Amino acid sequence: SSGLLAGKRGLIMGLANDKSIAWGIAQACAAQGAELAFSYQGEALLKRVQPLAASIGSSTFIECDVGSEESLDGLFDAIKAKWGSVDFVVHAIGFSDKNELRGRYVDTSRGNFTMTMDISVYSFTAVCQRAAAIMAPGGSLLTLTYYGAEKVMPHYNVMGVAKAALEASVKYLAEDLGKDGIRVNAISAGPIKTLAASGIGDFRYIMKWNELNSPLRRNVTQEEVGKAALYLLSDLGSGTTGENLHVDAGYHVVGMKAVDAPDI
Ligand code: NAD
C-alpha cells in the first residue's frame with residue numbers, strides 16, 4: 001500500500017463507537033496505509049468496535065482494561081505474538097465518575113481522584129513501558145488531552161488535574177524514550193461530542209462557547225484530530241517530541257470573549 005503510514009503497524013486504544021476521537025484517528029491512519037489493531041474495554045463494546053474496524057480493513061481486536069496490569073500485559077503479549085513489534089500506539093482513553101464532573105473541584109473524593117489518575121494518567125505511562133519494549137527507533141506514541149489541563153474550564157474538575165498530570169508525563173516520557181528514537185506527544189483537542197464528553201456537565205454550553213469564540217469560529221471534528229495525528233504518528237513529525245499540539249480551532253490563544261460573539 002502507499003501513504004504516509006505505508007508498512008506501519010499501529011495499535012489504537014479507546015475506540016468505543018463512531019463518535020470516538022479514536023475513530024477519527026483510525027480512519028486517517030488506515031487511509032494512509034497503516035495496518036491497525038484495536039483494543040477495547042469489555043465485551044459490550046466489541047459489537048461496536050468490530051464492524052467499525054472491519055470497515056477499514058482490520059480484524060485484530062484485543063480486550064484490555066487499562067486499570068489492570070495483567071490486562072495490559074495480555075494486550076502487548078498479543079501484539080508481540082501477532083506482529084513482533086509495533087510502530088505507533090494511540091491512547092485515546094480517559095475516565096472519571098461523572099458525578100464529580102459537575103459542581104466544585106474542591107469536593108472531589110479521594111477514591112475518584114485516585115481512580116481518575118490511574119485510568120486517565122498512569123495508563124499512558126503503563127502503555128508506553130510496554131510499547132517501547134517492542135518498538136524500533138522511529139516509533140511514535142500519542143495521547144489525547146484537553147485545555148482544561150491548562151486553564152480552569154467549567155465542570156472539568158478532577159479531569160483537568162488529571163490532564164495536567166498527563167501532559168507533564170508526556171514530557172518525561174519524551175525524555176526517557178527519546179534516547180531510543182521513540183517520540184511521545186499529545187493532541188489537545190477542542191470539545192467534540194463523544195460518549196466520554198457527554199459525562200461532563202453543561203457540555204453543550206462549552207461547545208457553543210468554543211464555537212462562538214475560537215479564532216476559526218467553529219468547533220473541530222474527529223477527522224481534523226485524525227489529520228493532526230497523522231503528522232505526529234508518521235515521519236512528518238520526526239523532529240517533534242514532548243509536544244502538546246492544539247487542535248482546537250485556535251481556542252487556546254484566546255484571552256476574552258470575542259467582540260462579535262453573541263451572548264449565550
Ligand atoms: P470516547 O468515550 O469515545 O472514548 C473514551 C474511551 O476510553 C472509550 O473507548 C472507553 O472504552 C475508554 N476507556 C475508559 N476507561 C477505560 C479502561 N479502564 N480501560 C480501557 N479503556 C477505557 O470519548 P473521546 O472523547 O473520544 O475520548 C478519547 C480521549 O480524548 C480521552 O482521553 C478524552 O479525555 C480525550 N479528549 C476528548 C475531548 C472531547 O471533547 N471529546 C477533548 C479533548 C480530549
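How many of the eleven residues of helix 1 are buried? Nine of them are, which leaves this helix mostly covered. Keep in mind as you look around that this is a predicted model.

Let's stay with helix 1, which spans 21-31. Its buried residues are I21, A22, W23, G24, I25, A26, A28, C29 and A30. Follow the chain just past the end of helix 1 and you reach G33, whose phi is positive, at about 90 degrees.

Helix 1 also takes part in the surroundings of the ligand. In total, 27 residues surround the ligand, and A16, S20, G94, T194 and A196 are the closest. Two elements, helix 1 and strand 5, each give two or more residues to that shell. As for its chemistry, the shell has 19 nonpolar residues, seven polar ones and one charged one.

Now over to the strands. Strand 4 covers residues 88-91, and it pairs with strand 1 (residues 9-13) through four bridges, the two running parallel. Strand 4 pairs with strand 5 as well, again in the parallel sense and over four bridges. V90 is a handy landmark here: I12 stands opposite V90 on one pairing, and L142 in strand 5 stands opposite V90 on the other.

Which way do the residues of strand 4 point? F88 and V90 go one way, V89 and H91 go the other, and all four are buried. That fits the general pattern, since side chains in a regular strand alternate between the two faces of the sheet.

To get from strand 4 to strand 5, pass through helix 4 (residues 110-132); together these three elements make a right-handed β-α-β unit.

Strand 5 then leads on to the annotated part of the chain. The UniProt record, an unreviewed entry, places an "active site" feature at Y146 and Y156. Y146 sits in the loop between strand 5 (140-145) and helix 5 (157-178), and Y156 is found in the loop between strand 5 and helix 5 too.

Why does Y146 count as buried? Because 25 other C-beta atoms lie within 10 Å, and 20 or more is enough for a residue to be called buried. Y156 is buried as well, because it has 23 C-beta neighbours inside 10 Å.

What do these two tyrosines touch, leaving out residues up to four places away in sequence? For Y146 the contacts are K163, S188 and A189. For Y156 they are G148 and I200.

Conventions. Residues are numbered from 1 along each chain as its sequence is written. This is a predicted model: local features need pLDDT of at least 70, side-chain atom pairs count only at pLDDT 80 or more; totals for chains, interfaces and linings use all residues. UniProt positions are given in the numbering used here, feature names are shortened, and annotations may be inferred rather than shown by experiment. A residue is buried if 20 or more other C-beta atoms lie within 10 Å of its own, exposed if 12 or fewer, and partly exposed in between; C-beta atoms are placed from the backbone. Two residues are in contact if their C-beta atoms, placed from the backbone, lie within 7 Å. A residue is near a molecule or strand if its C-beta atom, placed from the backbone, lies within 6 Å of it. Ala, Val, Leu, Ile, Met, Phe, Trp, Tyr, Cys and Pro count as nonpolar, Asp, Glu, Lys and Arg as charged, and the others, Gly among them, as polar. Two strands pair if DSSP finds at least two bridges between them. A crossover is right-handed if, with the strands pointing away from the viewer, the path from the first strand over the helix to the second runs clockwise.
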